[in-house]
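Please examine the sequence and the structure below before reading on. The explanation that follows is intended to be read with both in view.

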Amino acid sequence: MKKRIALSWSGGKDCCMVLDTLFQKGYEVACLVTTVPKELARTFGHGERTEMIRLQGEALGIPVHFIECSYDTYTDQFVTALQTLKKLYKITGIAYGDLYLDEHRAWGEKVADAASVESLYPLWSQKEDALKLLRNFVQSGYKAIIVRVREDVLDETWLGRSIDESFLQDVQRTTICPMGESGEYHTFVYDGPLFSKKVQLENGEVIHLETTKKLEFIGYYLND
């Protein structure tokens, strides 16, 4: 019997790589888990509209479970949600897309232990392996674009760029982690091998936030 797993989902390339890896290894991803601030229809991770995440879930054929939480109670509400998902989807574990930041892994393991489920880190590696991981994504067939950048390391000309061979070459000329593991940039995956439909994104506008710039899309829908 396949193990049923929840997948922590931001909508970006890392969690998509985890999904593909789990699929190749024979796991069943029962649901995608995305945290959202209470009373705000956007994701905690990248600030994307929840509707865009729903479209990804629909294209992938996997239900999305949104965890409404606040900064003060984030961990407790995540644990409670995992306990609910154990009953609802019969999951035995939760997978994360973290690469090499020990504090992130420690948190993920903590909440999994509290909910009595297994924690999985299919992409876990060394910092120096980040370029190889990026190359793997570029060659995977999945399509993603940059939707957010940290102003202190990347300017807005990076927004809207595809994660492709050109990006792979250019990011090596910067000082950032090629995978953006410290939040240097965030991505949105809109198509690929496991997608039954493409998430069409239209009319992107650059908006300025406190320390980042973001590409805000006015139109988004599924396209055959």
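The paragraphs below treat the sheets, the helices that lie across them, and the aromatic side chains.

The model shown here is predicted. A general point helps in reading its sheets: the strands of a sheet pair through backbone hydrogen bonds, and the pairing may be parallel or antiparallel. Both kinds of pairing will be met in turn.

Consider the parallel sheet to begin with. Five strands make up this open sheet, and their order is β3-β2-β1-β4-β5. The edges are occupied by β3 (64–69) and β5 (118–120); each has a single partner strand, so one side of each is left without a neighbour in the sheet. From one strand to the next, the twist averages 30 degrees. Within this sheet, strand β1 (residues 4–8) runs parallel to strand β4 (residues 93–95), and three bridges join the two. In this pairing, Ile5 of the sequence stands opposite Gly93 in β4.

A helix accompanies these strands. Helix α1 (residues 13–24) lies across β1, β2 (28–37), β4 and β5, and runs at about 165 degrees to β1. Lys13 belongs to helix α1. Is Lys13 buried or exposed? The relative accessible area of Lys13 is 3%, and a residue counts as buried under 20%, so Lys13 is buried. Leaving aside residues up to four places away in sequence, Lys13 touches Leu134, Phe137, Met179, Tyr185, Thr187 and Val189.

The antiparallel sheet comes next. Four strands form this open sheet, in the order β7-β6-β9-β8. Its edge strands, β7 (185–191) and β8 (198–208), each pair on one side only. Here the twist averages 25 degrees from one strand to the next. Strand β9 (residues 212–223) runs antiparallel to β8, and 10 bridges join them. One bridge may be located by its residues: the partner of His208 is Lys213 in β9. Helix α2 (residues 50–60) lies across β7, β8 and β9, with a direction at about 45 degrees to β9.

Attention now turns to the aromatic rings. How many aromatic pairs does a search of the whole structure find? The search finds eight. One pair consists of Tyr121 and Trp124, whose ring centres are 5.8 Å apart; their planes stand at 75 degrees, so the pair is edge-to-face. With a relative accessible area of 9%, Tyr121 is buried, whereas Trp124, at 27%, is partly exposed. Another edge-to-face pair is formed by Tyr142 and Phe195, with 6.5 Å from centre to centre and 65 degrees between the planes. Tyr142 lies in the loop between α5 (130–138) and β6 (143–150), and Phe195 in the loop between β7 and β8, so this pair ties together parts that are 53 residues apart in sequence. Tyr142 counts as buried at 4% relative accessibility, and Phe195 counts as buried at 8%. Elsewhere in the list of aromatic residues, Tyr74, Phe78 and Trp107 form one cluster.

Charged side chains also meet aromatic rings. The charged end of Arg105 sits over the ring of Trp124, 4.9 Å from the centre of that ring. Trp124 therefore appears twice in this account, since its ring also pairs edge-to-face with that of Tyr121. Arg161 lies over the face of Trp158, at 5.0 Å from the ring centre.

Key:
Residues numbered from 1 in each chain as written. Predicted model: local features only at pLDDT ≥ 70, side-chain atom pairs only at ≥ 80, totals over all residues. Heavy atoms only, no water. Pairing = 2+ DSSP bridges. Axes fitted to C-alpha atoms, helices over the stretch in contact; angles between N-to-C directions. Contact = heavy atoms within 4.5 Å. Buried < 20%, exposed > 50% of the residue type's maximum accessible area, 1.4 Å probe, protein only. Phe/Tyr/Trp six-rings, centres within 6.5 Å; stacked < 30°, edge-to-face > 60°. Lys NZ or Arg CZ within 6 Å of the ring centre and 35° of its normal.
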